[in-house]
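Reader: I should be grateful for a close look at the aromatic rings of this structure. Please describe how they are placed and what surrounds them.

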Amino acid sequence: MKTKKTLTLAAMLPVGLAAAIHAHAYDVVPAGQPVVTGEPSRVGAPWNHRSTFNIPGTNTDVAFGGYIKFDAIYDFDYDLGSSTDPLAAASEGNATDGRMTFTAQESRLNFRTQTRFGDEMLRTYFEGHFLPDDKFNLRHAYGEYNGFLAGQTWTNFMHFLGTPRILKLGGPIGYATGRPEQVRYTYQAGPNTFAVALENPESSISDLGPGGAVDEGTELPDLTLRYQYGRSFGISGVVRQFSTDSEVSGQDESTTGFGIAAQGALPLGSSTTLKGNLMAGSGLGGYLDYVPASGAKFRAPDAYLDADGNLEAVDLQSVGISLDHRWNADWSSSIGTSRVEQDLADDAPAFQGMADTVQFSHVNLIWDVNDRLTVGAEYQYIDLEKVSGEEVDASRVMASAQFHF
């Protein structure tokens, strides 16, 4: 396998930011804390500022937010899409001798409300972005009250505390992710968080028989359980059911998928944090959620119907490790790598072009110009091996400017 090295990173982009300024300055109010009716306030955690206003005569705060993100991308070997998709390197149609891309598709808009009822809070959240087709597409739409959540948002199977800070959208490969429709209950006791959810069973099933299609007939939602201790450690589990009515065998087949995901963050002094990720189980391909989904056909299906008419869930394992370091109050870096292994049948012709293993590595430098403007540069490297044994690698450099509002 050939090894590519990047000689230089793209230069930081000169940017400017114009911000509307209130006549008076108001402190950040974390979500759930009381505000003074009729005065401007802020909803959300201090690291996720959203300028808001109170509806006069009510206990409801309304917030509009989002960001504009500009990415300048140079691909050395394969076009990895508007947002980096490591599995795009499995397609020879994406091969390039060098390609420059400017995009603002990751930009997003959101709308948030919180309404106080005595000591209780009702919250709603709606967000969309412009991936993958420059059209406004739904990311989140949910409501929360008294620990109950209903709508579309991050799967209860995933965690954020062990995910490195990178410019690539969605984090490294092999970190459980997804935004299914769901109902969830969350209970907090001090630093301990417990959550259980029933989620829309989004999955893919392949037919490797002598011809015909698979009619998916999933009968049950995914069941997810999650525990998190502060910002240090989290572990979650999922149980899934797959079923199909095969036109090939004429038989109804079903099988069970399951998995665990864990993340941790360990401070190494005051400026550096070691982060780790683990995911393992069977039938977890749907949790490798790519944006856009250009590489989806190169990942393992959640399950497949083999030539004998048996439905088999595909085993998957992933591991990731990274170091996040803050040089000072304004500058930070992250370096890390993650690897996914998909246990596909080596002798199945339909699987030969799919990824058997894929590794994603990154290193970056990020400058927080102020609390609303961030610029940075990042190098990304993909090392991929197909089921057929073919090996490919790809390098990408991207520079970003992100304007929050």
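Author: In this predicted model, the charged end of Lys168 lies over the ring of Phe360, at 5.7 Å from the ring centre. Contacts between one ring and another come next. Across the whole structure, a search yields 13 aromatic pairs. One of them joins Phe126 and Phe136, whose ring centres are 6.5 Å apart and whose planes form an angle of 40 degrees, a tilted arrangement. Phe126 belongs to strand S6 (residues 120-129), whereas Phe136 lies in the loop between S6 and strand S7 (137-145); the two are ten residues apart, and their pair links distant parts of the chain. Phe126 has a relative accessible area of 38% and is therefore partly exposed. Phe136 is likewise classed as partly exposed, because its relative accessibility is 40%.

A second pair is formed by Tyr304 and Phe351, edge-to-face, with 5.3 Å between the centres and 90 degrees between the planes. This pair, too, links distant parts of the chain: Tyr304 is in strand S17 (residues 303-305), and Phe351 is 47 residues away in the loop between strand S20 (331-343) and strand S21 (355-370). Tyr304 counts as buried because its relative accessibility is 13%, a value under the 20% limit for that class. For Phe351 the relative accessibility is 0%, so this residue also counts as buried.

To return to the tilted pair, Phe126 and Phe136 are joined by Phe130 in one aromatic cluster.

Definitions and conventions. Residues are numbered from 1 along each chain as its sequence is written. This is a predicted model: local features need pLDDT of at least 70, side-chain atom pairs count only at pLDDT 80 or more; totals for chains, interfaces and linings use all residues. Side-chain values use heavy atoms; hydrogens and water are left out. Rings of Phe, Tyr and Trp (its six-membered ring) pair if their centres lie within 6.5 Å; planes under 30 degrees apart count as stacked, over 60 as edge-to-face and the rest as tilted. Helices (H or I, at least four residues) and strands (E, at least two) are DSSP runs, numbered from the N terminus. Buried means under 20% relative accessible area, exposed over 50%, partly exposed in between (1.4 Å probe, protein chains only). A charge sits over a ring if NZ of Lys or CZ of Arg is within 6 Å of the ring centre and within 35 degrees of the ring normal.
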